[in-house]
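The following paragraphs lead through the structure shown below, beginning with one pair of side chains and widening to the whole chain.

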Amino acid sequence: EKIFINHGGATNPIYTSLVNDIIDVYLEAAKRAVAILDEMAVPITAHDPHDLSMLHRIARTALCSKSIPESSVDILAGMVVEAVHTSRGVLKHVHHLSLPGGTLKDTSIIQGIAIMRCMNVPRGASSSLS
């Protein structure tokens, strides 16, 4: 679908042509990038120890780009791989629950359902939920 640029009350064919050419080039580049990534893709099986090691390296790389201390990256990468492996790769079954306080040592993977047993309510505050 082509776009038309209205500049100063009139459609400018030079701008329109240039913008459409740029869009066409970006779309073609995107198609080529996807094709190259498809060629580079490597199938991974959850039972192969080499593949689990590769998943750990991938998770570590992704976590290094976040503001996570270097000392925590390996631990969290291992947890990510374990969670994905346990869920058999069904990522919608993996959830992250963050609670205030605690340290990385308090972090764990829970297989099943996590239910909060109690709720700390400051003195004088209402304990009802709205």
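In this predicted model, R32 and E28 are 4 residues apart in helix α1, and therefore about one helical turn separates them. Their side chains meet in a salt bridge, with 3.3 Å from N to O. The two partners fall into separate accessibility classes: R32 counts as exposed because its relative accessibility is 56%, over the 50% cut-off, whereas E28, at 36%, counts as partly exposed.

Helix α1, which spans residues 13-40, also contains Y26. This tyrosine has a relative accessible area of 64% and is therefore exposed. Together with L18 and I22, Y26 forms a nonpolar patch on the surface. The accessible area of these three residues together is about 350 Å².

How many salt bridges does the protein contain by the rule applied here? The count comes to 2. Besides the pair formed by R32 and E28, there is a salt bridge between the side chains of R60 and D74, at 2.7 Å from N to O. This pair links distant parts of the chain, since R60 belongs to helix α2 and D74 to helix α3 (residues 70-86), with their positions 14 residues apart in sequence. R60 has a relative accessibility of 24% and so counts as partly exposed. D74 is likewise partly exposed, with a relative accessible area of 40%.

Helices α2 and α3 also come together in the interior. Which residues make up the largest nonpolar core? This core has 5 residues, namely A59, L63, V73, A77 and V81. Both α2 and α3 supply at least two residues of the core, and α3 gives the most to it, with 3 residues. Being members of a nonpolar core, these residues are buried, which means that each has under 20% relative accessible area.

Two residues add detail to this region. L63, one of the core residues, is in contact with I68, V73, L76 and A77 when its neighbours within four places in sequence are left aside. Of these contact partners, V73 and A77 are listed in the core as well. I58 is found in helix α2, which covers residues 49-64. With a relative accessibility of 47%, I58 counts as partly exposed, because this value lies between the cut-offs of 20% and 50%. The C-alpha atoms of I58 and the core residue V81 are 9.4 Å apart in space, while the two residues are 23 apart in sequence.

These local features can now be placed in the chain as a whole. The protein has 3 helices and 2 strands, and from the N terminus on its elements run β-β-α-α-α. Of its 130 residues, 10% count as buried. The protein exposes about 11400 Å², and carbon and sulfur atoms supply 61% of that area. Among contacts between residues at least 6 apart in sequence, 24% join residues at least 24 apart.

How values were computed: Residues are numbered from 1 along each chain as its sequence is written. This is a predicted model: local features need pLDDT of at least 70, side-chain atom pairs count only at pLDDT 80 or more; totals for chains, interfaces and linings use all residues. Side-chain values use heavy atoms; hydrogens and water are left out. Buried means under 20% relative accessible area, exposed over 50%, partly exposed in between (1.4 Å probe, protein chains only). Contact means heavy atoms within 4.5 Å. Accessible areas come from the Shrake-Rupley method with a 1.4 Å probe; for residues, only the protein chains shown count as cover. Patches are made of residues with over 30% relative accessible area and no salt bridge: like charges are joined within 9 Å, nonpolar side chains (Val, Leu, Ile, Met, Phe, Trp, Tyr) within 5 Å. A salt bridge is a side-chain nitrogen of Lys or Arg within 4 Å of a carboxyl oxygen of Asp or Glu. A nonpolar core is a set of buried Ala, Val, Leu, Ile, Met, Phe, Trp, Tyr and Cys residues joined through side-chain atoms within 4.5 Å.
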